[in-house]
Amino acid sequence: MKILAIESSCDEFSISIIDDGKILTNIISSQIEQHVNFGGVVPELAARLHLENISWVIKAALDTTNTKVETIDYVAYTEKPGLIGSLIIGRLVAETIASYINKPLMPLHHIEGHIYGASIENEFIYPVLAMVVSGGHTQIEIVNSPNDFKVVGTTLDDAIGECYDKVARVIGLEYPGGPKLDKLAKEGNQTAFKFPISKNDESYDFSYSGLKTAVINLIHNLNQKNEEIPVADIAASFQYAATKIVETKLAKAIEEFKPKTLTVAGGVSANSEIRKIIIELGQKYGISNTFVPKMEYCTDNAAMIAKLAYEKLKISK
Ligand code: KG4
Ligand code: ZN
């Protein structure tokens, strides 16, 4: 069974082909360089650039796998959430291919796809506890099957990735600042500044706007006093506050939901501290099926959508 999957929800246009659960290709065209000067993704530009990338990405996916488009059995695509212009383009491409080969369409959820990105190289044993950390979401989900996702805690204001990018910008790092801030944090002292750890309560919800504001205020005060900005110490202290709350809430969720698989998904799962926390929590609570996705499957990609489609079809047979 072959599935062609399309992911286009933000600034990546990606096509993957999966054959009986095996990823044959995962072509990702990224637009980061075209958005750098704007300090973030410009929605209108993202949609226009997708248009330029459609043809070569489809051709590359089919040619590199020697796949005739008629041999595809299903066409999956990211239906939501995401930038509306970007999503519409992915949907139109999916609908066009599906109607040309007369095969069924599968509209899928971006975040559920991110979670299944973690299952590409490691099989899930249910229930799965997934920490979703991306540019748009900070969520804890319990997954009982590819059709059963329960959000137990979610983003109240800024998502963790958004917060990383905004803090990175105020300390002078180029967009997307998340990975650069993560790197810089390794050179600093995490106890140099005590930033607030937001929403440190009984709930599983996350809030990052207070932390963001605290860093912005600190920089503003240092600038006013004409003091040098200790960027590495700020990065390290920020990273500590931003990830400590993930550790605390995950530990509580593990105790309550007793998962058989512990994993992390979304762009920020590339973060070194988050990856460390997941592995250490898995060890502490004896969850042998604990894993972090390969970097290629952390950021937006169509392989994760293909894998989710495959797992859904597998249990529908
Ligand atoms: O999942 P994703 O590719 O796009 C969304 O669906 O949001 O996530 C992108 C986010 C960006 O905010 C980026 O800065 C962040 O993931 N990110 C990181 C790291 N790598 C990517 N944030 C912190 N540390 C990293 N190493
Ligand atoms: Zn994403």
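The chain has 317 residues, for which a compact globule would have a radius of gyration near 20 Å; the value for the chain is 20 Å, which agrees. The model is a predicted one. Along its principal axes, the C-alpha trace spans about 65 × 45 × 30 Å. The secondary structure comprises 10 helices and 10 strands. Of the 317 residues, 48% are buried. Contacts reach far along the sequence. Among those between residues at least 6 apart, 72% join residues at least 24 apart.

The chain is divided into two parts, domain 1 (2-118 + 297-316) and domain 2 (128-292). Their C-alpha centres lie 27 Å apart. The contact between them takes 18 residues from domain 1 and 24 residues from domain 2. On the side of domain 1 that touches domain 2, α1 (32-35), α4 (110-117) and α10 (302-316) each supply at least two residues. The largest share of this side, 5 residues, comes from α4. By class, the side of domain 1 that touches domain 2 has 9 nonpolar, 6 polar and 3 charged residues.

Alanine 5 offers a view of domain 1. This residue lies in strand β1 (residues 2-7). Alanine 5 counts as buried because 32 C-beta neighbours lie inside 10 Å, and the cut-off for burial is 20 or more. Leaving aside neighbours within four places in sequence, alanine 5 is in contact with Ser16, Ile18, Ala76, Tyr77, Ala302, Ile305, Ala306 and Ala309. One of these partners, isoleucine 18, is 13 residues away along the chain. The C-alpha atoms of alanine 5 and isoleucine 18 are separated by 8.1 Å.

Domain 2 contains positions annotated in a database record. An unreviewed UniProt entry places the feature "binding site" at Val132, Val133, Ser134, Gly135, Gly136, Asp165, Gly178, Asp182 and Asn271. Two of these positions, Val133 and Gly135, are described here in turn.

Valine 133 lies in strand β6 (residues 128-133). There are 28 other C-beta atoms within 10 Å of valine 133, so this residue is buried. Not counting residues up to four places away in sequence, valine 133 touches Thr138, Ile160, Gly161, Val264, Gly266, Val268, Ser269 and Ile274.

Glycine 135 is found in the loop between β6 and β7 (138-145). Although placed in a loop, glycine 135 is buried, because 22 other C-beta atoms lie within 10 Å. With neighbours within four places in sequence left aside, its contacts are Ala159, Gly161, Glu162 and Gly267. Gly161 thus appears in the contact list of valine 133 and in that of glycine 135.

Threonine 155 is found in another loop, the one between β8 (148-153) and α5 (160-170). The count for threonine 155 is 19 other C-beta atoms within 10 Å, so the residue is partly exposed. Burial begins at 20. Threonine 155 touches His137, Thr138, Gln139 and Phe206, not counting residues up to four places away in sequence. Thr138 is listed among the contacts of threonine 155 and also among those of valine 133. Threonine 155 and glutamate 95 are 60 residues apart in sequence. In space, they are 32 Å apart, C-alpha to C-alpha.

Definitions and conventions:
Residues are numbered from 1 along each chain as its sequence is written. Chains are lettered from A and ligands numbered from 1 in the order in which they are written. This is a predicted model: local features need pLDDT of at least 70, side-chain atom pairs count only at pLDDT 80 or more; totals for chains, interfaces and linings use all residues. UniProt positions are given in the numbering used here, feature names are shortened, and annotations may be inferred rather than shown by experiment. Helices (H or I, at least four residues) and strands (E, at least two) are DSSP runs, numbered from the N terminus. A residue is buried if 20 or more other C-beta atoms lie within 10 Å of its own, exposed if 12 or fewer, and partly exposed in between; C-beta atoms are placed from the backbone. Two residues are in contact if their C-beta atoms, placed from the backbone, lie within 7 Å. The radius of gyration is taken over C-alpha atoms; the globule rule is 2.2 Å times the number of residues to the power 0.38. Domain bounds come from an automatic or database domain assignment. Ala, Val, Leu, Ile, Met, Phe, Trp, Tyr, Cys and Pro count as nonpolar, Asp, Glu, Lys and Arg as charged, and the others, Gly among them, as polar.
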